[in-house]
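Here's a quick tour of the pockets and aromatic contacts in one protein model. Have the 3D view open while you read.

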Amino acid sequence: MIVTLSGITGTGKSFFKNVIVQEIGFKNLVIVTTREKRKNEIKGIDKQFVTNEEFEELKAKQEIAVDFQFLEEKYAYKKEDLKSSKNQVTELHYSTIYQFKRNTKDVFSIYILPFDFERAKLELRKRELPKDVEEKRIQEMKEQIEEFSKNKELQQQFDYVFINDYTENSKEKLLKNIKNKLNRKGEILI
C-alpha cells in the first residue's frame, strides 16, 4: 500500500511521513526532483535530486509514471517504485492525485488541513526560504485551500481528510487510521 500525504505547505506532511516510517515501518517513496536540496535532506532518502537533463532522460527512457511541476521545479515518481509491493509513504502534490491513482493500484490518499492557517505559515517560515520563494509558497497555500474547498471532485479523490491541530493527538489519530486501513487489508503490523 502507498499512503499519500497531500495538503498545503506547513501542514505537517514531512513530519507525518517520518512518523509513519518510524512508527509503522513504511518505506519512504522517493520522489525525483530538479529542486535544490534543502538543509537536513538526504539525497536518495528524502528525494532523488537530478538536473533538468537527467529528469528529461528518465522521461525519454519511459521510467517515469507520474510527473508534474510545482513552483517552477519538476517532480516525478518512477514506474518501478509505484509497482513495488512494499508499504510506502510519500508527500503528494494535491493536483496530481488523479494521475497518481491511475498509475498505482493500492493507494490510501490523505489530505491534511491545518487547524489554523497562521500556524501553517509559521511552519513555512521555519524553513528559512528566500523571501520571494516564501511569498510564492504562501500564495500557493491560499490558492490550494480555495481550490480544495470548492472542488468536490477533488475532495472525493482523497480517502481521508484529516485536520492537523499540531498536537500529539493528531499524530495518534492519523497513525490509528493508517493502521486500521492495513488491518482491513489483513496485513500484519510491526
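What follows covers two pockets and then the aromatic pairs.

## The largest pocket

Keep in mind that this is a predicted model. Its largest pocket holds about 1,100 Å³ of space, and 45 residues line it. If you want to find the middle, look for Lys13, Ser14, Arg38, Glu91 and Arg127, the lining residues nearest the centre.

Plenty of elements chip in. Those giving two or more residues to this lining are the strands β1 (2–7), β5 (64–70), β6 (73–78) and β7 (88–91), along with the helices α1 (13–24), α5 (117–125), α6 (131–150) and α8 (168–184). The top contributor is α1, with 6 residues. As for chemistry, the lining of the largest pocket splits into 17 charged, 15 polar and 13 nonpolar residues.

## The second largest pocket

Next in line is a pocket with about 300 Å³ of space. Its lining runs to 14 residues, and the ones nearest the centre are Arg35, Leu71, Glu73, Val133 and Arg137.

Here β6 and α6 each bring at least two lining residues, and α6 gives the most, with 3. What's the mix of classes in the lining of the second largest pocket? You'll find 8 charged and 6 nonpolar residues there, but no polar ones.

## Aromatic pairs

Now for the rings. Two values describe a pair of aromatic rings: how far apart the centres are and the angle of the planes. In this model the count comes to 8 aromatic pairs.

One of them is Tyr77 with Phe100, an edge-to-face pair at 5.2 Å centre to centre with 80° between the planes. Tyr77 sits in strand β6 and Phe100 in helix α4 (residues 97–103), so this pair ties together parts 23 residues apart in sequence. Are these two rings buried or exposed? Tyr77 has a relative accessible area of 0%, so it counts as buried, and Phe100 is buried too, also at 0%.

Then there's Phe148 with Phe158. Their ring centres are 5.9 Å apart and the planes meet at 65°; the cut-off for edge-to-face is over 60 degrees, so this pair is edge-to-face. Phe148 belongs to helix α6, while Phe158 is in the loop between α7 (152–156) and β9 (160–164), so the pair links parts 10 residues apart in sequence. Both Phe148 and Phe158 are buried.

## A ring cluster

One last thing to look for is a cluster: ring pairs link Phe15, Phe16, Tyr160 and Phe162.

Notes. Residues numbered from 1 in each chain as written. Predicted model: local features only at pLDDT ≥ 70, side-chain atom pairs only at ≥ 80, totals over all residues. Heavy atoms only, no water. 1 Å grid on protein atoms, 1.4 Å probe; cavity = no way out; pocket = protein on both sides within 12 Å on 5 of 7 lines; lining within 4 Å. Points joined across faces, edges and corners; volume = space filled by probe spheres on them. Helix = DSSP H or I, 4+ residues; strand = E, 2+ residues; numbered from the N terminus. Nonpolar A, V, L, I, M, F, W, Y, C, P; charged D, E, K, R; others polar. Phe/Tyr/Trp six-rings, centres within 6.5 Å; stacked < 30°, edge-to-face > 60°. Buried < 20%, exposed > 50% of the residue type's maximum accessible area, 1.4 Å probe, protein only.
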